Amino acid sequence: MTDKEQYKVHKEPFYQQQSNEVALYTAAYNARLPVMVKGPTGCGKSRFIEHMAWKLGKPLITVACNEDMTASDLVGRYLLDANGTRWLDGPLTIAARIGAICYLDEIVEARQDTTVVIHPLTDHRRTLPLDKKGELLEAHPDFQLVISYNPGYQNLMKDLKQSTKQRFTAFEFDYPDAKLETGIVAKETGTDEELAAKLVKIGTTARHLKGHGLDEGISTRLLVYAATLIKGGVSPRDACRMALVRPITDDADIRDTLDHAIDAVFA
Amino acid sequence: MAEARTEYEHPLMKGYREQLGCGFPQVAHVFEDCMAEALSSLSKEGINAYLEYARFLCKMGRGVEPVLIFLEEWPSIATTLGESALPAFIAFISLMNKSPNNPAIAPFLQSLAATARRLHSQEQMQDYMDLALAFMTRTTGSVHGIHTTFASPGLPDFFQQSPYLLSQISIDGLKNWVEYGIRNYHDHPDRQRDYFSLQSADSRAVMQRERHGTLLVDNERKLDLYLRGLWQKDAHFVPYSMGFDELRKPVPYFDQLGIRLPDVYDDIHGITGIDRYRAVLAHIVGHKRWTTAIFADNFSPFQRMAIEFFEDSRVEALAIREYPGLRRLFLSLHPKPIEGACNPENTACLRHRLAMLSRALLDPNHGYKDTALNDFVQRFHAVMQQGESCTEEIAELALSYVAKTRRQSDQLAKTYFDDTEVDYRDDNRHMWRFHEESDDEEMFDDHRKIELEEEELKGLPPRHYPEWDYSSQTYRPDWVSVYEALHPKGKGSDIDKLLAKHGALAKRLKRMLDLLKPQDKVRVRYQEEGSELDLDVALRSLIDFKSGASPDPRINMSHKTSGRDIAVMLLLDLSESLNEKVAGSEQTILELSQEAVSLLAWAVDKLGDPLAIAGFHSNTRHDVRYLHIKGYSEKWDDEVKGRLAAVEAQYSTRMGAAMRHAAHYLENQKAEKKLMLILTDGEPADVDTKDERMLIEDARRAVTELDQKGIYTYCINLDPKADEYVSDIFGKQYTVIDNIQSLPERLPQLFIALTK
């Protein structure tokens, strides 16, 4: 039997509620409804799920999806060993067995035929057929499936099928408003509110440029990076350039504008 | 009069006058004043040289003007450049005097003082004269071998414009500007004059290119991002020229049509041009955000000025609250009036007081001692402490400031202006509302203007394209105007008839097309699940497995059919020469081209590749016509066939511009491969271009540009003699079709071969 404890979240992950999402998620979990979290990168989707797993005291299995991922990477496969073959459960199977929350991060990155394997788990059946093994796995009563996806940057080709979408309840996340975000950056890094507010201001500037040469604004995660650097003794200007501007753009005009914004904010 | 003035004369002055020995009465009028200035600024040797050369100019036989100007201007030039510069000037003037260009001497001398102020040093001045000399020799005309008969048409204008030009561009820039003018208008006196008097559009454009400083056009996107990112505003920028209005410098402003900004900013006080633009925008956005218009009717001009200063300071304070870094920027651009610099006894000092106050409101370390000023700075900050305040409230404060500090002398005509211009601020026209609308005549013009605009809107506005000038290896900016229009419609059934005529050929083509249709399979390897086992990978995996490493399970492969992803642009040369009959046939080249294009369009339509067709011809660079026949989104239907049936051939072939214009459509196609086919019957040529190579080189350049944009160009040339030039333009990407009668067959075949 797999060790359930290793998947438990032991320390409370800091999460600042934006509205009533914690209560809503709890309700969804109580009904064991599959959940989809949408939103731009670095706005706190994964953190939220981690926090909820901790709050509910359930193990959490996270799978980062990618293009090369196949169905067997999720479900499991036979491995050859000295005496013949041996079945190895994939993360989704493990989660269904032990009653964990299975979190498929960036689900659209996986190929569409891969995503279909989650279908029987996400409706009333709550089963996972392991055809190769010849087993029909009944999901543990605590099992819940959560997927995340960022509708922004993927292209038209990479969208979820309607049949997949319509199996989930959904949360839409966005970057928190300035005041909240200031609190988050300050609390996460232990910097003072004033510095955090300045960083958030730069972040907001960049978010206004989305669609005008920026695919995605500066995320809360990057703001936290910048604050961490500043706390580590880097000068605010350098830290912001390094953590906020350089990663997100190669466009000279945008870089210039954001650099100017940094100078304007840190007088 | 002259006699009356000479009644008494200082003996010294008399001596000088004799030394000059110039009999013009006009000289006598000004001589004493000029001499007084010369004596105060020139050395003894300088005076001698001054009189000696003035004498030379007087005896030169070109009238009184040269000597008059020289007498008046030289002392000030000598102070800027040094007295030793004189012989060089005189050498230059005598050169001009010996050429047919002597009328240019007066303009040269007239502009000399201003030019000297711009150039500062003798070396630069020498450069300038060398440039003028080269200009003179190259543009002085000789007809039928008679040496230097006609004066250079552009030279006087050039001298007149040079102070202004040098204020905008460096001497090197001036060289390029002159070079361009000489090269392009060498043999066209009127155009040359237009160019060198800065009248013609390209003259200004070339100057613009050579300018120093930060140009608005180059940075519009940056500023747009600045507004959007930092201020969440979206505005249209309208540039105005700083140069042409020497007396009254225009000031930035904004209205419904957009924000007016200077076309160029130089760096000053360590602030880059782009930051100066940002300062202007930050100030203007401040107004947009926080200023509400108030009624102006009840205020005196002084009160209004004060209100404007206070309001400007208020919005800046608020902007700084938002972005503290702006303070540094504003401080470096805001003038720092010196306390006590304005004498209130004889000068109107209100501007000075307000500028000082404005500085003090911005600068916490202003260091001004004036009690009223400090008092109001405190009251201002106290008001701002409460919140954002508002225009009315700040106007109250401004009015009490005016009342408190009013002086009788504020009414004086002599106003103190030094250090009071804050050049990043707008003119505040948006701040004022008037109870009474103006009854100026302009009010009645509005209606008429609208009518005019409507008329102009018919047909698309021209697009301008540069043209490559191979002799200088530069682009001529906005040289060609391309007018795009829908081709008039004819009868679509004509094309169907043509297709029917080539029925047999069409059948053969169809067979070839079927072969071309996407059906070739492509192997997709490294699949975990697939239709076949990929032996190579499978073996590798087995070896991995046997040796104890984890095997790669992706040992299968599958197949998929590859699609065609190619967008095609067919550009037809519709110049006059297409009307010629083909040897040994009753048909004209145009008719044959029509047939060929119909077949090709039919074939491409069958293949399903996106195809656009356009024709072009030109009548000088001002009128290149680009005729739209088929767009990418249009089907091969009667509409399109009708347009193709109606094509007519006229005018000339300016290929480069048409290619560039066609490319901007093709560029926007989302296809892996982009192909531009150009069907032409001769070399690029136009009536306004004498140099045959010019348009050939331009077309070649266009091919390179297109190549950089990922567009493959291919030329189908119907001129049997094309080999001489076509490879120059298209490299190896061309076919010459000698037997034009075979064109309908060859064109689709060529296309198929190209895209197989």
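Which residues of the largest nonpolar core touch the most other members? The close-ups below, all taken from a predicted model, begin with that one.

**View 1. The largest nonpolar core, with its best-connected residues in chain B.** Among the 71 residues of this core, the ones touching the most other members are L570(B), L571(B), L600(B), M676(B) and L677(B). Helix α24 of chain B, spanning residues 589-607, supplies the largest share, with 11 residues. Take a moment with M676(B): beyond its neighbours within four places in sequence, M676(B) is in contact with M569(B), L571(B), A662(B), A663(B), L666(B), L706(B), I711(B) and T713(B).

**View 2. A second, separate core with residues from chains A and B.** This core has 60 residues. Its members include V185(A) and I230(A) from one chain, along with L216(B) and Y265(B) from the other.

**View 3. An open, parallel sheet in chain A.** Here you can follow 5 strands in the order β2-β5-β8-β1-β9, with parallel pairing. The edges belong to β2 (60-64) and β9 (169-172); each has a single partner strand, so one side of each is left without a neighbour in the sheet. On average, neighbouring strands are turned by 20° against each other, direction ignored. For the wider setting, chain A has 11 helices and 9 strands.

**View 4. Strands β1 and β8 of chain A, side by side.** Strand β1 covers residues 35-38 and strand β8 covers residues 144-149; the two pair in the parallel sense over 4 bridges. To find your bearings, look for M36(A), whose bridge partner in β8(A) is I147(A).

**View 5. Helix α4 against the sheet strands of chain A.** Helix α4 (residues 91-98) lies across β2 and β5, the latter being residues 101-105. The helix runs at about 165° to β2(A). As a backdrop to this view, 40% of the 267 residues in chain A are buried. Of the contacts in chain A with a separation of 6 or more, 71% join residues 24 or more positions apart.

**View 6. Where chain B meets chain A.** The contact draws 18 residues from chain B and 20 residues from chain A. On the chain B side, the elements giving two or more residues are α13 (216-231) and α16 (326-333). Of these, which gives the most? The answer is α13(B), with 7 residues. Sorted by class, the side of chain B that touches chain A has 8 nonpolar, 3 polar and 7 charged residues.

Terms used: Residues numbered from 1 in each chain as written. Chains lettered and ligands numbered in written order. Predicted model: local features only at pLDDT ≥ 70, side-chain atom pairs only at ≥ 80, totals over all residues. Buried ≥ 20, exposed ≤ 12 C-beta atoms within 10 Å, placed from the backbone. Contact = placed C-beta atoms within 7 Å. Core = buried A, V, L, I, M, F, W, Y, C linked by C-beta atoms within 7 Å. Pairing = 2+ DSSP bridges. Axes fitted to C-alpha atoms, helices over the stretch in contact; angles between N-to-C directions. Nonpolar A, V, L, I, M, F, W, Y, C, P; charged D, E, K, R; others polar.
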